[in-house]
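Work through the exercises below with the structure open beside you. Try each task before you read its solution.

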Amino acid sequence: MKLQDLKTVAVIGAGDMGHGIAQLAVMAGYDVNLCDIKAEFVERGMSRIFASMEKLVSKGRCPAEALERARNGALKPFTDTAEAVKNADFIIEVVAEKVSVKESVLRAASEAAREDAIIATNTSTMSITMLSNFVKKPERFIGTHYFNPAVLMKLVEVINGDKTAEETSRFALDYAQKVGKISVYAKKDTPGFIANRIFYPAHIYNCACIEKDGVTPEDIDASMMNAGLKMGPMELIDYTGVDITASCFDYYCEHLSKEFCVPKVLADLLAQGKLGKKSGEGFYKWVDGARPAISKEAATGRYNSDLFFYVQANEATKLYEEGVCSLEDCDKAMKYGYNTPGPIEYIRNHAAEDVAKALAEISEHFGIEVFKPTKTISSGDYK
């Protein structure tokens, strides 16, 4: 299928991510079938879409005609997956990150879909190849990982499964552009895909600094805000959810390396029920949900913000060496997925031998192999 043949998009899952993905499709001019297991869930999702589009219209960021079209039937509600997908050209599954739930939905969608339909899964962690086992035509199955909130965040990761056809990949990349997104392309299925895979070694580094060197979360966040980040990495864990971050660590621990197992400092917070913003306390106290006041003056100089980017760049070169993606896409993923500088661009402003030496030193200091410099880093071939 080519993008010009696309008329109807079915979005299965009307929650936080699903309704945003559906909104993008209807704003791009497609008919959209929005489906969930209960009518009230679908109605809530549609109400949120209309409210969001009204706001965008008032700001001149969405044509009034698009909202009128959505209200007049371009956006249709469904509670039956088979009915929602039977006339769809493109189906996007956006249900809970549980294998059993995704399996049930994908099997039902695949059974009822047209032979030429393309099916995508929105997942931040799960193997696309594994999920492709639940559809009849794995060559027409692909991962499209939107970042939350889907309407506002620019990045979409497009991820191949082992059997994904080139035509399917091209369609997904073209579709991402059509709905106004910047895409990065993971040619191979790998744990964490691109953005999360690159970010998590920095979480390992930061937690090691707290556990072994006694650096405080405030010191880390203040240092990184001084380096240009709008939100420090420890506050980000609180904002995302300590439990969500730990769950991702569990997945990477199982599928990538034991060095990605949940750091003790996170495990301790979990044991105390301190989940971050959602529980009112994590690394920080969130009074009435308000962001903690972190002064940039809290930076003591004990934390080296360069190393935050060094370990990310090192992981990015692993993806490059594995043939997953380009170094350019690694930088795009971090810029538009995490709103941080591109780590490869960052280290290009530093001497290659200094980057490699620093990585080797922290690998030895913490006893963590993940930080060991790659061949690309050691040779300076990223320059």
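**Exercise 1. Helix H10**

Task: Decide whether helix H10 (residues 233–240) is largely enclosed or not, and say why.

Solution.
- Step 1. The model is a predicted one. A residue is buried when its relative accessible area is under 20%.
- Step 2. Apply that cut-off along H10. Pro233, Met234, Glu235, Leu236, Ile237 and Asp238 are buried.
- Step 3. Count against the length. Six of the eight residues of H10 are buried, so this helix is largely enclosed by the rest of the structure.
- Step 4. Look for the packing partners. The buried residues of H10 pack against H8, helix H9 (217–226), helix H11 (242–255), H12 and H13.
- Step 5. Check what follows the helix. Just after H10 comes Gly241, with a positive phi of about 120°.

**Exercise 2. Backbone features to find**

Task: Find where the peptide bond from Asn148 to Pro149 sits, and state whether this bond is cis or trans.

Solution.
- Step 1. Locate the proline. Pro149 belongs to the loop between strand S6 (141–146) and strand S7 (155–159).
- Step 2. Read omega. For Asn148 to Pro149 the angle is near 0°, and the bond is cis.
- Step 3. Set this against the general pattern. Most residues other than glycine have a negative phi, and most peptide bonds are trans.

Task: For Phe193 and Asp288, give phi. Then say of each whether the residue is buried or exposed.

Solution.
- Step 1. Take Phe193. Its phi is near 55°, which is positive although the residue is not glycine.
- Step 2. Place Phe193. This residue lies in the loop between S8 and H8.
- Step 3. Classify Phe193. Its relative accessibility is 0%, so Phe193 is buried.
- Step 4. Take Asp288. Here too phi is positive in a residue other than glycine, near 55°.
- Step 5. Place Asp288. The loop between helix H12 (264–271) and helix H13 (305–321) holds this residue.
- Step 6. Classify Asp288. Its relative accessibility is 82%, so Asp288 is exposed.

**Exercise 3. Two loop residues and a helix residue**

Task: Which residues does Thr190 contact, leaving aside its neighbours within four places in sequence?

Solution.
- Step 1. Find Thr190. Look in the loop between strand S8 (182–186) and helix H8 (195–213).
- Step 2. Judge its exposure. Thr190 has 8% relative accessibility, so this residue counts as buried.
- Step 3. List the contacts. They are Arg197, Leu319, Glu322 and Val324.

Task: Say whether Ile37 is buried or exposed, and find how far its C-alpha atom is from that of Gly13.

Solution.
- Step 1. Find Ile37. It sits in the loop between strand S2 (31–35) and helix H2 (39–58).
- Step 2. Compare with the cut-off. Exposed means over 50%. Ile37 has a relative accessible area of 68%, so this residue is exposed.
- Step 3. Take the distance. Ile37 and Gly13 are 24 residues apart along the chain, and their C-alpha atoms are separated by 8.0 Å.

Task: Classify Glu103 by its accessibility, and give its distance from Gln4 in sequence and in space.

Solution.
- Step 1. Find Glu103. Helix H5 (residues 99–112) contains this residue.
- Step 2. Classify. Its relative accessible area is 26%, so Glu103 is partly exposed.
- Step 3. Take both distances. Glu103 and Gln4 are 99 residues apart in sequence, and their C-alpha atoms are 30 Å apart.

**Exercise 4. Two annotated domains**

Task: What helix and strand content do residues 8–189 and residues 192–286 have?

Solution.
- Step 1. Read the record for residues 8–189. An unreviewed UniProt entry lists "domain: 3-hydroxyacyl-CoA dehydrogenase NAD binding" there.
- Step 2. Read the content. This span is 43% helix and 21% strand, with its end C-alpha atoms 27 Å apart.
- Step 3. Turn to residues 192–286. The unreviewed UniProt entry gives "domain: 3-hydroxyacyl-CoA dehydrogenase C-terminal".
- Step 4. Read the content again. Residues 192–286 are 62% helix and 0% strand, and the end C-alpha atoms are 28 Å apart.

**Exercise 5. The whole chain**

Task: Why does the chain count as being as compact as a globular protein of its length?

Solution.
- Step 1. Survey the elements. The chain has 17 helices and eight strands.
- Step 2. Compare the radii. The radius of gyration is 21 Å, close to the 21 Å from the globule rule for 383 residues, so the chain is as compact as a globular protein of that length.
- Step 3. Add the burial. Of the 383 residues, 55% are buried.
- Step 4. Add the contacts. Among those between residues at least 6 apart in sequence, 72% join residues at least 24 apart.

Definitions and conventions: Residues numbered from 1 in each chain as written. Predicted model: local features only at pLDDT ≥ 70, side-chain atom pairs only at ≥ 80, totals over all residues. Heavy atoms only, no water. UniProt positions renumbered as here; feature names shortened; annotations may be inferred. Helix = DSSP H or I, 4+ residues; strand = E, 2+ residues; numbered from the N terminus. Buried < 20%, exposed > 50% of the residue type's maximum accessible area, 1.4 Å probe, protein only. Rg over C-alpha atoms; globule rule 2.2 N^0.38 Å. Contact = heavy atoms within 4.5 Å.
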